[in-house]
Amino acid sequence: MQRVVIVTGANSGIGLALCERLLTEDSQLRLCLACRNTQRAEAARSALLTSHTNAHVDLLHLDVGSVQSVFTAAQEVKARYSRIDFLYLNAGIMPNPQVDVKAFFKGLFSRNVINMFATAEGLLTQQDRLNSDGLQEVFATNLFGHFLLIRELEPLLCQAGHTSRIVWTSSSNARRSAFSIEDMQHRNGTEPYSSSKYASDTLSLALNRHKNNQGLFSAVICPGLVMTNLTYGILPSFFWTLIMPIMWLHWLFLQKSESLDPRAKYHSLTSGLGTNYTQPRKMDIDDEMSEVLYSKLLDLERVVRGEANEGNAANKLINST
Ligand SMILES: NC(=O)C1=CN([C@@H]2O[C@H](COP(=O)(O)OP(=O)(O)OC[C@H]3O[C@@H](n4cnc5c(N)ncnc54)[C@H](OP(=O)(O)O)[C@@H]3O)[C@@H](O)[C@H]2O)C=CC1
Ligand SMILES: CC(C)=CCC[C@@H](C)[C@H]1CC[C@H]2C3=C(CC[C@]12C)[C@@]1(C)CCC(=O)C[C@@H]1CC3
C-alpha cells in the first residue's frame, strides 16, 4: 500500500534532507511538503523530482504558526488523503538568537565543556514576540501549531487496524529548567526555543499515553548540529568553518546503541570514522508534567477554536493562558 507522509517545514534544511532520504528509502511514497512559503516549496519539490523522477510529491500550504492556517491546511489534508502513515513535525524557528561569548569562553575551560557543545546550555538566548493570534511566536510555531494539527488530523491518524506515527524534530537544546508549566508559552524568559523543544518532548510522552491504544505513536528525534538557515542565523558561515574542528572532536566521545523507547530521544550522530548512527538517550521528562501540559494545551485549543469561530480579538487568548 502507498504510504502517506507529511513533513512540515519541508522546503529547506533538515526537512528537505529528510524528504530526499524518505524518497530514497521508498520511491512509492505519497509525500506531502507542508510549507508556508509557496515559492520555496515549489523549488524544493522540483529539486526532489530531479533526483526522484517518478516520485509522488504534493504541496500543502501551511503556516504552522497561524491557527487559521493550521485549520485550513488540515481541511485540505482530510480532503486529499484517507489516512496518514507518518507525520513529521519538523518546522521550527529560533528568532533573533544571541550567543553569550563570555559564557562560551568560560565554558571552554570548565568541566562542562562537552555538554556545552552538545546542548548550548547557558550560551543561547532569543527574542520572542506575540504573533497575530496573540500567542508567543516560538511556542506557536514549534509546539502549539503542531499540536493543533495533530488534533485536527486525528481522524486520519487514529484508524482502527492501522498504525500511524508522529515524529518531532526536537533538539539537544531542550532543557527542563528552561520550561515552566505555569508559563508554557515562555512569555517571561529568554530561552523560548529551549522551552518549546522541552515542551514537545513532554507532549510526545502524553500523546503516547493517550493515543497508543488508537494506533498512534509519537517519537522524538534530535538531529544534532546541522548547518541550515537556522544555524546560519546564529553565526555566519565562516564562523562555523572556524569552530567545526572543535565541534567534530566533541562527537568523537559519543558511543553507539539502539532501542525503541517513548521516553528516549533518538539522537542522530556521526562517529569519529564518519559512520552515521542513531543513539537513544533518556529524556528528562515525567508523566505528571506531561499530563498537565497536555490538558493545558487542550484548554488553549478550546480557546483558539472559540476565537476562530467567533473571530474575536487576540487579547482574550493572552489573558486566558
Ligand atoms: N540545524 C540544527 O542544528 C538543528 C535543528 N533542529 C530543528 O530542526 C528543525 C528544522 O530546522 P532546520 O532545518 O535546522 O532550519 P531551517 O530554517 O532550514 O528549516 C526550518 C523549516 O521550518 C519552516 N518553518 C518555519 N516557520 C514555519 C511556519 N510558521 N510554518 C511552516 N513552516 C515553517 C521553514 O520554512 P521557511 O522557509 O518558510 O522559513 C523551514 O522550511 C527545526 O525544528 C529546528 O528546531 C534541531 C536541532 C538542531
Ligand atoms: C566562538 C563562539 C562564540 C562559539 C559559539 C559556539 C556556539 C555558537 C555553538 C556551540 C553549541 C552550539 C549548538 C547550537 C547552536 C550553536 C552553538 C550554541 C544549537 C542550539 C543549534 C540548534 C539546536 O537545536 C541545537 C544546537 C546545540 C548546539
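A polar contact is a pair of N or O atoms within 3.5 Å. This definition is needed for the ligand described below, in a model that is predicted.

The account may begin with ligand 2. An oxygen atom of ligand 2 stands 2.6 Å from an N or O atom in the side chain of S171; because the cut-off is 3.5 Å, this pair counts as a polar contact. Y193 also takes part: one of its polar side-chain atoms is 2.7 Å from an oxygen atom of ligand 2. When ligand 2 is taken alone, it exposes 600 Å², and the protein buries 94% of that area. Two elements each give two or more residues to the surrounding shell, namely α5 (113-119) and α9 (237-251).

What is the make-up of the shell around ligand 2, in nonpolar, polar and charged residues? Its residues comprise 16 nonpolar and two polar ones, with no charged residue. In total, 18 residues surround ligand 2, and the closest are A120, L124, S171, Y193 and W240.

Attention now turns to the nonpolar cores of the protein. The largest of them has 54 residues, and those with the most contacts inside it are L87, F144, I150, W168, L203 and L297. Helix α6, which spans residues 137-157, supplies the largest share of this core, with 11 residues. L203 offers a view of the packing: apart from neighbours within four places in sequence, L203 is in contact with L143, F147, W168, L293, Y294 and L297. A second core, separate from the one just described, has 18 residues, including V7, L22, L31 and Y88.

Key
Residues are numbered from 1 along each chain as its sequence is written. Chains are lettered from A and ligands numbered from 1 in the order in which they are written. This is a predicted model: local features need pLDDT of at least 70, side-chain atom pairs count only at pLDDT 80 or more; totals for chains, interfaces and linings use all residues. Side-chain values use heavy atoms; hydrogens and water are left out. A nonpolar core is a set of buried Ala, Val, Leu, Ile, Met, Phe, Trp, Tyr and Cys residues joined through side-chain atoms within 4.5 Å. Buried means under 20% relative accessible area, exposed over 50%, partly exposed in between (1.4 Å probe, protein chains only). Helices (H or I, at least four residues) and strands (E, at least two) are DSSP runs, numbered from the N terminus. Contact means heavy atoms within 4.5 Å. A residue is near a molecule or strand if one of its heavy atoms lies within 4 Å of it. A polar contact is a pair of N or O atoms within 3.5 Å; within protein, one must be able to donate a hydrogen and the other to accept it, and residues adjacent in sequence count only if both atoms are side-chain atoms. Accessible areas come from the Shrake-Rupley method with a 1.4 Å probe; for residues, only the protein chains shown count as cover. Ala, Val, Leu, Ile, Met, Phe, Trp, Tyr, Cys and Pro count as nonpolar, Asp, Glu, Lys and Arg as charged, and the others, Gly among them, as polar.
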